[in-house]
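Open the structure in your viewer and keep the selection tool at hand. We will go stop by stop.

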Amino acid sequence: MKWWYGITEEDKELDESYISFQITSEMQRMWAHVIWTTDRQQRVLHPGLRKKLFPYMTEYCACNDIKLDCLNGHAENVHCLFPYTLDTDLAHNIYRIRKETENWIKKHKFIEGDEDFLWNRNFIALSVGQSSIEALRTYIKAQEVIHKKKTYRQEFTEIVEKYG
C-alpha cells in the first residue's frame, strides 16, 4: 500500500473526490541575499557608474526572466536580493548577470584604462527567511551609508560571523 500525501491508493480508488495537497508558488518562494565583488576587490564602481549599472542590471533581469527584488552596492561590491523557487538555477542567473554587465561595462568603457573589467569569480549566497526581508531591503538600500563607516572587508567579516 503506497501513501500519497496521507491518502492510500485504495482511498483514491474509493473516492475520486479526494483533495490533493498542492504547494502554492508562495509556499515555494525562498529568498537569497547574494553578494559579489569586482575582481581583486578593486574599487572601480564609482558613483557615476553605479548610477548607470544598477538600473541596467535591473532591466537586464526583467528582460531575461530573472527575478530580482532589489540591489545596491558600493565601490567594489554588489548586494542583490533574489526571490527564487526550487526550479530556479540561481547560480546560472548570477553568472548571466555578471557576464552581461562585464561586457556592458567594457563596451561602454565606463572604467578608464581598464578594458579588462571582471567580476570576482566567487560570490556568497545566503538564504533569508521571509520575516527578515524588509530589514534586508533596508540594509541593501543603505550601502552608501554603511560604507562610510566600514570597509567591504569589515562588512563581509561581520556577515560571515553572523551567518556562518
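**Stop 1: the cysteines**

The structure holds 0 disulfides (a disulfide is a pair of cysteine sulfur atoms within 2.5 Å). This is a predicted model: local features need pLDDT of at least 70, side-chain atom pairs count only at pLDDT 80 or more, and totals for chains, interfaces and linings use all residues. Residues are numbered from 1 along each chain as its sequence is written, and side-chain values use heavy atoms, with hydrogens and water left out.

Select Cys70 and Cys80. Why is there no bond from Cys70? Its closest cysteine sulfur is in Cys80, and 8.1 Å is too far for a bond. Cys80 is in no disulfide either; its nearest cysteine sulfur belongs to Cys61, 7.0 Å away.

Are these two buried or exposed? Buried means under 20% relative accessible area, exposed over 50%, and partly exposed in between (1.4 Å probe, protein chains only). Cys70 counts as buried, at 11% relative accessibility. Cys80 counts as buried too, at 2%.

**Stop 2: strands β4 and β5**

Now select residues 70–73, strand β4. Helices (H or I, at least four residues) and strands (E, at least two) are DSSP runs, numbered from the N terminus. In a regular strand the side chains alternate between the two faces of the sheet. Both faces of β4 are covered. Cys70 and Asn72 are buried on one side, Leu71 and Gly73 on the other.

Add residues 77–84, strand β5. The two strands run antiparallel, joined by 4 bridges. (Strands pair if DSSP finds at least two bridges between them.) Find Asn72: its bridge partner in β5 is His79. A hairpin of 3 residues links β4 to β5.

**Stop 3: two loop residues**

Select Arg40, in the loop between β3 (30–38) and α3 (47–63). Arg40 is not a glycine, yet its phi is positive, about 55°. Arg40 counts as exposed, at 62% relative accessibility.

Move to Asp65, in the loop between α3 and β4. Its phi is also positive, near 55°. Asp65 counts as exposed, at 61%.

**Stop 4: helix α5**

Select residues 133–141, helix α5. Which of its residues are buried? They are Ile133, Leu136, Arg137 and Ile140. Look down the axis: these residues fall within an arc of 105°, so they line one face of the helix. The arc is that of the directions from the helix axis to the C-beta atoms.

Turn to the face away from the buried side. Glu134, Ala135 and Thr138 are exposed there.

Last, show what the buried residues pack against: β3, β4, β5, β6 (119–128) and α6 (143–149). Contact here means heavy atoms within 4.5 Å.
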